[in-house]
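Please walk me through this model in the viewer, one selection at a time. Tell me what to pick next and what I will find there.

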Amino acid sequence: MARAFLPSGLVAVVALACLADAAAAQLRQNYYASSCPSAESTVRSVISQHVQQSFAVAPGTLRLFFHDCFVRGCDASVMLMAANGDDESHSGADATLSPDAVEAINKAKAAVEALPGCAGKVSCADILAMAARDVVSLTGGPSYGVELGRLDGRSFSKSIVKHVLPGPGFDLNQLNALFASNGLTQFDMIALSGAHTIGVTHCDKFVRRIYTFKQRLRYNPPMNLDFLRSLRKVCPMNYPPTAFAMLDVTTPKTFDNAYFDNLRYQKGLLASDQVLFTDRRSRPTVNLFAANSTAFFDAFVAAMAKLGRIGVKTGSAGEVRRVCTAVN
Ligand code: HEM
Ligand SMILES: *[C@@H]1O[C@H](CO)[C@@H](O)[C@H](O)[C@H]1NC(C)=O
């Protein structure tokens, strides 16, 4: 996906990052304390039920928030569905967003809308930010207060998506450039990559790393040989499109720092994961997070707050949607 790094995409993300600072000033914790005091507890309870029914909701929700914020800012544009198929979820880059997570967010929104006095008050963008916070602590990660006060966007289109999201074959320069254009440092980027401590990747995203004779990779960081052999069983050369592997081979359902320890043993699944250890410039941070989970959790919480400030819409630039799947 490296070739997706086109100038047009860059211009768009740079423009978003410039908008972020001014709008982000209006975000604050406990934003709904007087207008809809039960909003946060209601979202948490709905999301928690859905995670219990299907673990996939947890990683799915975290990834949904990341893709929302990188595409047009954190404005729930990722949730919009268009009858003509020109919505973000129909972009190839977003095709594997979890339907279970989308469903959980829609249910959380409906539950909040039904609270007395809350109809039309709480944005889908904020519900997504709350839910992303909730799935982190529900799976063993840190608990944190989340900044709120975003409005939902009114525009969307699938064409922009592949230009503004990172690809699994990105090297450190590409990762740093894309995250920097969103106001995030290399340190933030490494911490946020720690979200790959839960969830899955389909075989097509890394299969070239385990059958390199099939297609020469421009960049392929080293992989542990036992890990490679086990992945060839999970993804044989004629793998079905539904086949997938865990992003964190050690503790795939726990939000912990094992993802970083895996990288030290060349057990990173995506090239973009393993490069964080292979490249000498990012390796010290991987070692820090692998050795000290408090340092990882602190950095993750700080970086999630910065992620949540990207391209925030306020005032006439947005609205509070009645349902997350459609503009009012
Ligand atoms: C650093 C650059 C990143 C790259 C190249 C990347 C790439 C990917 C890819 C290719 C997948 C697998 C999609 C599939 O096959 O289904 C994935 C899954 C995932 N990503 Fe990332 N990602 C990055 C950063 C992030 C960030 C910043 C977050 C959140 C803070 C995140 C959260 C997730 C989660 C939780 C999953 C698992 C989804 C699931 O199981 O449904 N990723 N990512
Ligand atoms: C781990 O990181 C935390 C937070 O940065 C720090 O306060 C603590 O001293 C570190 N612990 C060790 C053993 O280095």
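**Stop 1: Thr 61**

Select Thr 61, which is buried, with a relative accessible area of 0%. The model on screen is a predicted one. Thr 61 sits in helix 3. Show what surrounds it: leaving out residues up to four places away in sequence, Thr 61 touches Ala 101, Ile 105, Leu 128, Ala 131, Ala 132 and Val 135.

**Stop 2: the two domains**

Colour residues 26–165 and 172–306 separately; these are domain 1 and domain 2 in the domain assignment of the protein chain. A distance between their C-alpha centres comes to 24 Å. How many residues of domain 1 are in contact with domain 2? The count is 18 residues of domain 1, in contact with 18 residues of domain 2.

**Stop 3: the nonpolar cores**

Next select Leu 62, Leu 276 and Leu 307. In the largest nonpolar core, which has 80 residues, these three touch the most other members. Then add helix 5 (residues 124–138), which supplies the largest share of this core, ten residues. Where does the core lie relative to the two domains? Domain 1 (26–165) and domain 2 (172–306) both give residues to this core, so it lies between them. As background, nonpolar side chains in soluble globular proteins tend to be buried together.

Stay on Leu 276 and display its contacts. Not counting residues up to four places away in sequence, Leu 276 touches Leu 172, Leu 175, Met 189, Ile 190, Ser 193, Tyr 259, Leu 263, Ser 282, Arg 283 and Val 286. A second, separate core has 15 residues; select Val 207, Leu 228, Leu 231 and Ala 245, which are among them.

**Stop 4: ligand 1**

Centre the view on ligand 1. It is surrounded by 23 residues, the closest being Thr 96, Gly 167, His 196, Val 200 and His 202. Show three side chains as sticks and check these distances:

- His 196: an N or O atom of the side chain is 2.9 Å from a nitrogen atom of ligand 1.
- His 202: an N or O atom of the side chain is 2.7 Å from an oxygen atom of ligand 1.
- Lys 205: a polar side-chain atom is 3.3 Å from an oxygen atom of ligand 1.

Now highlight helix 3 (57–70), helix 7 (172–181), helix 8 (186–193) and strand 1 (200–202), the elements that give two or more residues to the shell around ligand 1. Which element gives the most to this shell? Helix 3 does, with four residues.

**Stop 5: Asp 204**

From Lys 205, move to Asp 204. The side chains of Asp 204 and Lys 205 make a polar contact (3.3 Å). Asp 204 is in the loop between strand 1 and helix 9 (207–210). Is Asp 204 buried or exposed? It is partly exposed, with a relative accessible area of 43%. Add Ala 243 to the selection: Asp 204 and Ala 243 are 39 residues apart in sequence, and their C-alpha atoms are 8.9 Å apart in space.

**Stop 6: ligand 2**

Go to ligand 2 and select Asn 292, Ala 295 and Asp 298, which surround it. A polar side-chain atom of Asn 292 is 2.4 Å from an oxygen atom of ligand 2. On its own, ligand 2 has 360 Å² of accessible area, and the protein covers 27% of that.

**Stop 7: the loop between helix 3 and helix 4**

Select Ser 89, in the loop between helix 3 and helix 4 (99–113). Its side chain makes a polar contact with the side chain of Asp 87 (2.8 Å). Neighbours within four places in sequence aside, Ser 89 is in contact with Met 81, Asp 94 and Ala 95. Met 79 is ten residues from Ser 89 along the chain, and their C-alpha atoms are separated by 7.7 Å.

Ala 76 is in the loop between helix 3 and helix 4 as well. Ala 76 is buried, with a relative accessible area of 0%. What is notable in its backbone is a positive phi of about 60°, although Ala 76 is not a glycine. Most residues other than glycine have a negative phi.

**Stop 8: Asn 30**

Finish at Asn 30, in the loop between helix 1 (7–24) and helix 2 (39–53). Asn 30 is not a glycine either, yet has a positive phi of about 55°. Asn 30 is exposed, with a relative accessible area of 53%, whereas Ala 76 is buried.

Methods. Residues numbered from 1 in each chain as written. Chains lettered and ligands numbered in written order. Predicted model: local features only at pLDDT ≥ 70, side-chain atom pairs only at ≥ 80, totals over all residues. Heavy atoms only, no water. Near = heavy atom within 4 Å. Polar contact = N/O pair within 3.5 Å; in protein donor to acceptor, adjacent residues only side chain to side chain. Areas by Shrake-Rupley, 256 points an atom, 1.4 Å probe, with all protein chains shown as cover. Core = buried A, V, L, I, M, F, W, Y, C linked by side-chain atoms within 4.5 Å. Buried < 20%, exposed > 50% of the residue type's maximum accessible area, 1.4 Å probe, protein only. Domains from an automatic or database assignment. Contact = heavy atoms within 4.5 Å.
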